[in-house]
Every structure is written in C-alpha cells, then in structure tokens.
Amino acid sequence: GMMDQMPARVIAKCMEMGMMVTINARLDFETIQVLADEFGYDAQLMEEYEEEVLGVDDSQAEDLEPRHPVVTVMGHVDHGKTSLLDWIRKTHVVSGESGGITQHIGAYEVTTSVGKVTFLDTPGHEAFSAMRARGSQVTDVIVLVVAADSMVMPQTVESIELAKREKVPLVVAITKMDLPTANPDKIRAQLAERGVEVEQWGGNVSCIEVSARTGEGMQQLLETLALEAEVLELKASKSAHARGAVVESKLDAGKGSMATILVQNGTLHIGDPFVCGVYAGRVRAMFDDRGKQMKSAGPSAPCQVLGFDGTPQAGDELTVVEDEKTAREIASKRRMAARERDLRARKSISLESTYEGV
Ligand code: GDP
Ligand code: MG
C-alpha cells in the first residue's frame, strides 16, 4: 500500500494539509482519498479500505464444499441460444413446480440427470469485462452456440475471443441439426480457422451436435458440461456472508429496483444488508426463476432480489456486510469516488479538446 511505499512523502503531504500524523497512524478514508488524489493511488486505496471493511477473500475460507457449475450460453444472435436453454429448462422442471409462470430472466438453475447446473443466457460482454476487472469470474464454462445452417459470425468470434481472454473452458454446441440445410463440418472448419480445434478433428474442445426442436444431443451436451465442471473442482463456502454478481437489473414500476444476482460464495438470506456497486440495501424479498419466493440462495444459485436503494448495473458485485449503516457508508464512498473519477475524466477530455484546437 501507499504507507509502505512512501510514508515520508505521505506524512509531508499530511502536514502540508495541516494534519499531524505518524507512521503508524491509521488515516481515515477522506484523508486517504485526498492523498490518493495527490499520488494517483485512488483505485488501490479504495480496494484496501474495502478489504478491511468487507473482510477477507473467499479463497481463505476453511469450509469449502463442492458447488455446481455456472454455464454461460454465448453466440451470434438468432443462432438458437434461448431456444437451447428453453429446451433444457422445459425438460428439467422439478415435478410440482410446473404450475409456476416462467419468468423471463437471464439465469436459471436446473437439475439434470448429471446434477444441478446454473445457466446464464448471454449477459452482455460489458458485464463480463466489469466482473473480470474485479477479479470475479461469473462463469465456469462457456457454451458456444453456432447454428448448423449458418456460419461463424461476428458475435461467434467475439465469444471465442472472450473465452480465450478470460481463460474459461469452451464447449461448442452446433445447433439446429434438425434442419436439412445443417452443415456441421462447415462450422467446424470455420471454427478451426479461429483457433477452436474440436475433438472430432483431433482437438480438445468438445463439440456436440444438438437441436432445440427435437432434443437431439441435449443429454450429451449436459453430460459434457458435467464432465468439464468435474475437472474444475468448483468449490465455495455455504456459511460465508454472501458475495454475488449482478447478471441483470431493472427498475420495476411497482416493485422498485430489482436485480438478478448470481451468488458466487456464501449464502444470501432475506434481511441481509448489502452493498452493490454504488448502492446499498437489504434483501427484502428473493425469487427463483419461476417467481417462487426464496428464503436463501447458496453458491451458484441465481435469484431475483428486491431491496436496493438504486438500480445496480450488470457486472456490479453484491457483498453482504455487517449492518445497513456500513452498507450505506461504503455505497456513499463509492459514489463519491465515482463522481470524482467522472469529473477528472471530463476535465481531461475538455483539456484534450482545448489542445486539439491549438
Ligand atoms: P438467440 O438469439 O440465439 O437466442 O436465438 P433463438 O433461440 O431466439 O432462436 C432464433 C430462431 O431460431 C428462432 O426462430 C428459433 O425458433 C430458431 N431455432 C432455435 N433453435 C432451433 C433448432 O434447434 N432448430 C430449428 N429448426 N430452429 C431453431
Ligand atoms: Mg436469445
């Protein structure tokens, strides 16, 4: 941190600002912000401060247990992502739950013959990058959907690049195999050109031919996903304070701000106070993807949450904290920091445009 690197300069700066500090003094957040501005350590200090308040990171937890995989379906528009998910969801409804009205949310948990799987229906790439920047991986495996009667398209390529960049294992699903015009070999050739070497051609990427019309290949796809997940040895703590990611959010006229949260570690309970992006809140109600009320949600579970004091953005992290006061404090500090960053960015833009005219 800054204190180890240049305490003399920090102390000098504090004195300049009329503060007496010693090397061992703990600086309050406002002071740190001012100093951070001077030295340009903003983001790092923010993290250090929050780490102190929000607690240790999950990897140090001792009660780690296996958790089920989170799988994201990606690919070009109209290639069949939603249909593929709908098929899996329709055929794996727990009996007795079928009366529930299917909610159109981007995250579902299904129980298959090979275990539970949480599916995400293409969250925006921005959300992905935002989560990655914070070091939190939302997805364990990516299913790349390519329509057998089409070809590798721009969003197919983007998804391949994203998987590579984020180092997430890829499984290819060539879909719409029921169509007479299906040409999976053409797709495999185009994928090879993009560096995706499928197993049929001696590579190590699983490639399953499926159809959301007939269900062909779906069981094999699920088994492949289970296998990929097994290799990853996914683990999380059920007892920890929950930490999750916003998959999608909206402002509902009646219910207020709501967000679909993917719990990544710990268990989220009704009543839990939390900070989420630049907002705070307390879990007022939780629903599963069928609109059924939930009391809690554990690792890898998606849930719709009510109780935010603003609408968070996809990619924001939700962290449960000790009490609402702490939540509001952190949220307001984040808002301050965000405002400052915004102001500085605008200043530099206006400077740039001034110089452009010279
Ligand atoms: P998304 O944009 O990737 O989510 O694509 P959709 O799932 O909305 O599907 C786009 C179109 O392809 C729709 O008209 C679907 O009915 C159709 N479609 C999706 N999967 C299949 C399939 O397996 N076979 C056939 N014949 N059509 C499909
Ligand atoms: Mg879709």
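A residue counts as near a molecule if one of its heavy atoms lies within 4 Å of it. With that cut-off, 15 residues stand around ligand 1 in this predicted model, and Asp78, Lys81, Ser83, Asp178 and Ala212 come nearest among them. The protein also contains an open sheet of six strands, and the points below take the ligand surroundings before turning to that sheet.

**Around ligand 1**

- By class, the shell around ligand 1 is made up of seven polar, five charged and three nonpolar residues, and helix α5 (residues 81-90) gives the largest share of this shell, with three residues.
- Oxygen atoms of ligand 1 lie 2.8 Å from a backbone N or O atom of alanine 212, 2.9 Å from a polar side-chain atom of lysine 176, and 3.0 Å from a polar backbone atom of glycine 80.
- Ligand 1 taken alone exposes 580 Å², of which the protein buries 75%.

**The sheet**

- The strands follow the order β3-β4-β2-β5-β6-β7 with mixed pairing, and β3 (107-112) and β7 (207-209) are the edge strands, each pairing on one side only.
- From one strand to the next, the twist averages 25 degrees.
- Strand β5 (residues 141-147) pairs with strand β6 (residues 170-175) in the parallel sense over six bridges, and alanine 147 stands opposite threonine 175 in β6.

**Helices on the sheet**

- Helix α7 (residues 154-166) packs on the sheet, where it touches β2 (70-75), β5 and β6, and its direction makes about 160 degrees with that of β5.
- Helix α9 (residues 218-232) also packs on the sheet, touching β2, β3, β4 (115-121), β5, β6 and β7, and its direction makes about 175 degrees with that of β6.

Methods. Residues numbered from 1 in each chain as written. Chains lettered and ligands numbered in written order. Predicted model: local features only at pLDDT ≥ 70, side-chain atom pairs only at ≥ 80, totals over all residues. Heavy atoms only, no water. Pairing = 2+ DSSP bridges. Helix = DSSP H or I, 4+ residues; strand = E, 2+ residues; numbered from the N terminus. Axes fitted to C-alpha atoms, helices over the stretch in contact; angles between N-to-C directions. Contact = heavy atoms within 4.5 Å. Polar contact = N/O pair within 3.5 Å; in protein donor to acceptor, adjacent residues only side chain to side chain. Areas by Shrake-Rupley, 256 points an atom, 1.4 Å probe, with all protein chains shown as cover. Nonpolar A, V, L, I, M, F, W, Y, C, P; charged D, E, K, R; others polar.
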